[in-house]
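The following note sets out points for consideration on the structure shown below. It proceeds from the overall fold to individual residues.

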Amino acid sequence: MNINQMIGDYLKKEDFPQPRTCTISHVSMVEMDDTQKPVLHLQETTKGLVLNKTNINLIVSLYGPETDHWSGKPLTLYNDPNVTYAGKATGGVRVMINAPAAAVTAPPQPTPAPVSVEPAPAAPAASEDDVPW
């Protein structure tokens, strides 16, 4: 059996060749390896994202600790090649905190009128009589 089919219910780094903004649907708890793990569900896919501590902390920094308040919120996910597991760089899905915002064009600011400045009067030239020795 293809290993990708065995883990086909969950998002993985290969699902994010480019950062992608999705909408949070809900969070559920799923039994894995004799323990309960939180899984983030998105409106745009049937696959869930198994949440690790890093991604949980990133989402909490955006939307707070109450998962019921996450529903409907945007979340940008990307493949971070620097994620390590058991001391090896494996890559993994990460939450982007500073997601690129939609480009907002500021209205042009009026250019101030040029200011006319009179040149300062030139200082008188020093003579030998002005030298203190």
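1. Order of elements. From the N terminus, the protein chain follows the order α-β-β-β-α-β-β-β-β. This amounts to two helices and seven strands. Of the 133 residues in the chain, 23% count as buried. Among contacts between residues at least 6 apart in sequence, 44% join residues at least 24 apart.

2. Confidence. The model is predicted, and its reliability should be read element by element. The protein chain has a mean pLDDT of 81, with 68% of its residues at 70 or more. Confidence is highest in S4, at a mean of 96, and lowest in helix H1 (residues 3-6), at 50. Over residues 101-106 the pLDDT stays under 50, and the model shows zero contacts beyond four places in sequence for these residues.

3. Strand pairing around S1. Strand S1 (residues 20-32) runs antiparallel to strand S4 (residues 74-80), and four bridges join the two. Within this pairing, arginine 20 stands opposite leucine 77 of S4. S1 also pairs with strand S2 (residues 35-42), again in the antiparallel sense, through eight bridges. Here valine 30 has lysine 37 of S2 as its bridge partner. The S1-S2 hairpin has two residues between its strands, and aspartate 33 in this hairpin adopts a positive phi near 50°.

4. Nonpolar core. The largest nonpolar core has 14 residues, of which Leu40, Leu42, Leu49, Ile59, Leu75 and Leu77 touch the most other members. S1, S2, S4 and strand S7 (92-95) each supply at least two residues of this core. Such grouping accords with a broader pattern: in soluble globular proteins, nonpolar side chains tend to be buried together. Leucine 40 illustrates the surroundings of one core member; leaving out residues up to four places away in sequence, leucine 40 touches Ile24, His26, Val27, Gly48, Leu49, Leu51, Ile59, Trp70 and Leu75.

5. Glutamine 43. This residue lies in the loop between S2 and strand S3 (48-50). Is glutamine 43 buried or exposed? Glutamine 43 counts as exposed because its relative accessible area is 53%, against a cut-off of over 50%. Glutamine 43 nevertheless has partners elsewhere in the sequence: beyond its neighbours within four places, the residues in contact with it are Thr23, Ile24, Ser25 and Gly72. The C-alpha atoms of glutamine 43 and serine 25 are 5.3 Å apart, although 18 residues separate the two along the chain.

6. The salt bridge. How many salt bridges does a search of the whole structure find? The search finds one. The side chains of lysine 47 and aspartate 15 form a salt bridge, with an N to O distance of 3.6 Å. This pair links distant parts of the chain, 32 residues apart: lysine 47 is in the loop between S2 and S3, and aspartate 15 is in the loop between H1 and S1.

7. Arginine 94. Arginine 94, in strand S7, merits separate attention. Arginine 94 is buried yet has no salt bridge. The nearest side chain of opposite charge is that of aspartate 80, at 4.3 Å, whereas the salt-bridge criterion requires a nitrogen within 4 Å of a carboxyl oxygen. Not counting residues up to four places away in sequence, arginine 94 touches Asn52, Thr54, Asn55, Leu58, Thr76, Leu77, Tyr78, Asp80 and Val83. Aspartate 80 is thus among the residues that arginine 94 touches, without a salt bridge for arginine 94.

Notes: Residues numbered from 1 in each chain as written. Predicted model: local features only at pLDDT ≥ 70, side-chain atom pairs only at ≥ 80, totals over all residues. Heavy atoms only, no water. Pairing = 2+ DSSP bridges. Buried < 20%, exposed > 50% of the residue type's maximum accessible area, 1.4 Å probe, protein only. Contact = heavy atoms within 4.5 Å. pLDDT = per-residue confidence, 0-100. Core = buried A, V, L, I, M, F, W, Y, C linked by side-chain atoms within 4.5 Å. Lys, Arg positive; Asp, Glu negative; His and termini not counted.
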